[in-house]
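Thanks for coming. I will go through one structure today, starting with a term and then moving from loops to helices and the core.

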Amino acid sequence: MPENELTARVFNVIATTQRKDPALVTIESTFEELEIDSMDAVNIIFGLENEFSINIPDDQVKNIRNVRDMVEGVRRLVAAQAPA
């Protein structure tokens, strides 16, 4: 999957889950800027798992602090499940 497509899909999940304009979500956005609290983050994680058919381990969720972390984590998990 092209990098920009994956990033756009992550942005869309965040925007849809948070009911925000997708233009407000950038790779540099922090959760604080987007007013994402821990419960919102859980909903976003579920949305990402559904969108990409992945399972995000709890220990990785703890390390996600911003949109960049989220995109990079999803990219790693998607790449790990891709056929060799």
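One term before anything else: a residue is called exposed when its relative accessible area is over 50%, buried when under 20%, and partly exposed in between. Please also keep in mind that this is a predicted model.

I will start with Glu 35, which sits in the loop between H1 and H2. Is Glu 35 buried or exposed? Its relative accessibility is 62%, which is over 50%, so Glu 35 counts as exposed. Its backbone deserves a remark: phi is positive, about 60°, and Glu 35 is not a glycine. As background, most residues other than glycine have a negative phi.

Ser 53 also has a positive phi, near 55°, and is likewise a residue other than glycine. Ser 53 belongs to the loop between H2 and helix H3, which runs over 58-61. With a relative accessibility of 57%, Ser 53 counts as exposed.

Now a serine with another setting. Ser 29 is in the loop between H1 and H2, and because its relative accessibility is 3%, Ser 29 counts as buried. What does Ser 29 touch, leaving out residues up to four places away in sequence? The list is Leu 24, Leu 34, Asn 66 and Val 67. In addition, a polar atom of the Ser 29 side chain lies 2.9 Å from the backbone nitrogen of Thr 26.

On to the helix pairs. In general, two packed helices are described by the angle between their axes and the distance between the axes. For H1 and H4, the axes come within 10 Å and cross at roughly 125°. Why call that pair oblique? The angle is neither over 145 degrees nor in the range from 65 to 115, and H1 and H4 are therefore oblique to each other. Their crossing is right-handed. On the H1 side the residues are Glu 3, Leu 6, Thr 7, Val 10, Phe 11 and Ile 14; they meet Val 67, Met 70, Val 71, Val 74, Arg 75 and Val 78 in H4.

The axes of H2 and H4 come within 11 Å, with a crossing angle of roughly 35°. This crossing is right-handed. H2 contributes Ile 44, Ile 45, Leu 48 and Phe 52 to the contact, and H4 contributes Met 70, Val 74, Val 78 and Gln 81.

That leads to the core. In soluble globular proteins, nonpolar side chains tend to be buried together. Here, the largest nonpolar core has 24 residues, and the ones with the most contacts inside it are Val 10, Ile 14, Leu 48, Phe 52, Met 70 and Val 74. Which helices each supply at least two residues of this core? They are H1 (3-18), H2 (38-52) and H4 (67-81). Take Val 74: apart from neighbours within four places in sequence, Val 74 is in contact with Leu 6, Val 10, Leu 48, Phe 52 and Ile 54.

Two helix residues to finish. Phe 46 lies in H2 and is partly exposed, with a relative accessible area of 48%. Its C-alpha atom is separated by 12 Å from that of Val 10, 36 residues apart along the chain. Ala 8 lies in H1 and, at 41% relative accessibility, counts as partly exposed. The C-alpha atoms of Ala 8 and Val 71 are separated by 9.3 Å, with their positions 63 residues apart along the chain.

Definitions and conventions
Residues numbered from 1 in each chain as written. Predicted model: local features only at pLDDT ≥ 70, side-chain atom pairs only at ≥ 80, totals over all residues. Heavy atoms only, no water. Core = buried A, V, L, I, M, F, W, Y, C linked by side-chain atoms within 4.5 Å. Buried < 20%, exposed > 50% of the residue type's maximum accessible area, 1.4 Å probe, protein only. Helix = DSSP H or I, 4+ residues; strand = E, 2+ residues; numbered from the N terminus. Contact = heavy atoms within 4.5 Å. Polar contact = N/O pair within 3.5 Å; in protein donor to acceptor, adjacent residues only side chain to side chain. Axes fitted to C-alpha atoms, helices over the stretch in contact; angles between N-to-C directions. Parallel < 35°, antiparallel > 145°, perpendicular 65-115°, else oblique. Left-handed = near helix turned anticlockwise from the far one by under 90°.
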